[in-house]
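Please look over the sequence and the model shown below before reading on. The paragraphs that follow lead from a single residue outward to the fold of the chain.

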Amino acid sequence: MNTTSPGAVRPSAPALPDHPVLRVPPAPPAVAAAYFAASLAFHADVSDVAAALNLGAGPGMTVLDCRSTAAWDQGHVPGAVHLPTALIPEQAARLLDPAVPVVAYCWGPGCDGATRAALALAGLGYQVKEMRGGFEYWVREGFDFETSGGTERRAPDPLTVPVGDGDCGC
C-alpha cells in the first residue's frame, strides 16, 4: 500500500543487509507512532519531572525513590517518597494514594530498579511511569537534591543539558 494521506500505513524501507543501521528497516510510520506514544505513557524524563514539581498548582503526581535507605540518605529528589522496591507490596497502600500517578526512579539508566518498582506498583493497581535517567541524571542535570546532610546542587553536566540555557529544544 502506497499512500500519502496523513496517518496512513506505508511500507517500510527495504532492508539493506550490509548497512549497520538499516539492516533491519525502520517500522512503518503508524507503527512507529504507536510505539513512541506508548513509550511516553510509560516514561518521563528528569527535566519534565523537575518542571512538574515546580508547578504552582502542585505536580499532580508522587515521585517515588525505590532505592535502599543508604542510597536515599546519599541523595534523593526533594519531596520524593522513599519506598524500596522490596517493600512495595506491604507498604504502598500506607504511603501512596492510588488516585495519584506515581513516577518511580532508581539510580540511573543502567539500573532496572525503577522498572521493577513500576511493575510492582502497576500490579497493585497504581498508575505509574518510570523516570528515565534516574537519580544520576537528576544530579547531572543540575537539579537540587536532598541528602542526610541537607540540600545540594551540582553544576549541570554539559553532556546532559545545555549550560546556561533552560531549554534543550526537545
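Ser39 has a relative accessible area of 12% and is therefore buried, the cut-off for that class being under 20%. The structure is a predicted model, and the description of this serine is a computed one. Ser39 belongs to helix α1, which takes in residues 29-42. The side chain of Ser39 makes a polar contact with the side chain of Arg132, at 3.0 Å.

From this residue one may turn to the chain as a whole. Six helices and seven strands make up its secondary structure. In sequence order these elements follow the pattern α-β-α-β-α-β-α-β-α-β-α-β-β. The C-alpha trace spans about 60 × 40 × 35 Å along its principal axes. Of the 170 residues in the chain, 32% are buried. Among contacts with a separation of 6 or more, 55% are between residues 24 or more positions apart.

Five of the strands form an open sheet with parallel pairing, in the order β1-β5-β4-β2-β3. At its edges stand β1 and β3 (81-82), each of which pairs on one side only. The pairings can be followed across the sheet, beginning at β1. This strand and β5 pair in the parallel sense over three bridges, and His43 stands opposite Glu130 in β5. Three bridges likewise join β4 to β5, which run parallel; here Val102 stands opposite Val128 in β5. On the way to β2, four bridges join β2 to β4, and these strands also run parallel. In β4, Val102 has Thr62 opposite it, while Tyr105 has Asp65 opposite it.

How are the two faces of β4 placed with respect to the rest of the structure, covered or open? Both are covered: Val102 and Ala104 on one side, and Val103 and Tyr105 on the other, are all buried. Val102 thus appears in three descriptions, as a buried residue of β4, as the residue opposite Thr62 and as the residue opposite Val128.

Helix α2 (residues 46-53) is one of the elements that lie on the sheet. α2 lies across β1, β2, β4 and β5, and runs at about 80 degrees to β1. Its buried residues are Val46, Val49, Ala50 and Ala52. Viewed down the axis of α2, these residues fall within an arc of 160 degrees, so they line one face of the helix. The buried residues of α2 pack against β1 (43-45), β2 (62-65), β4 (102-105), β5 (128-132) and α6 (134-140). The N-terminal end of α2 is capped by Asp45, a side-chain oxygen of which lies 3.1 Å from the backbone nitrogen of Ser47.

A further helix, α5 (residues 113-123), joins with β4 and β5 in a right-handed β-α-β unit. Which residues of α5 are buried? They are Gly113, Ala114, Ala117, Ala118 and Leu121. Because these residues cover an arc of only 130 degrees around the axis, they are on the same side of α5. They pack against β2, α4 (88-95), β4 and β5. The face of α5 turned away from this buried side carries Leu119 and Gly123, which are exposed. After α5 comes Gly125, whose phi is positive, near 95 degrees.

Taken together, the two helices can be read against the sheet they contact. The buried residues of α2 have β2, β4 and β5 among their packing partners, and the buried residues of α5 also pack against β2, β4 and β5. The strand β4, with buried residues on both sides, is joined by bridges to β5 and to β2.

Note on methods: Residues numbered from 1 in each chain as written. Predicted model: local features only at pLDDT ≥ 70, side-chain atom pairs only at ≥ 80, totals over all residues. Heavy atoms only, no water. Buried < 20%, exposed > 50% of the residue type's maximum accessible area, 1.4 Å probe, protein only. Polar contact = N/O pair within 3.5 Å; in protein donor to acceptor, adjacent residues only side chain to side chain. Arc of directions from axis to C-beta. Contact = heavy atoms within 4.5 Å. Pairing = 2+ DSSP bridges. Axes fitted to C-alpha atoms, helices over the stretch in contact; angles between N-to-C directions. Right-handed = clockwise from strand over helix to strand, strands pointing away.
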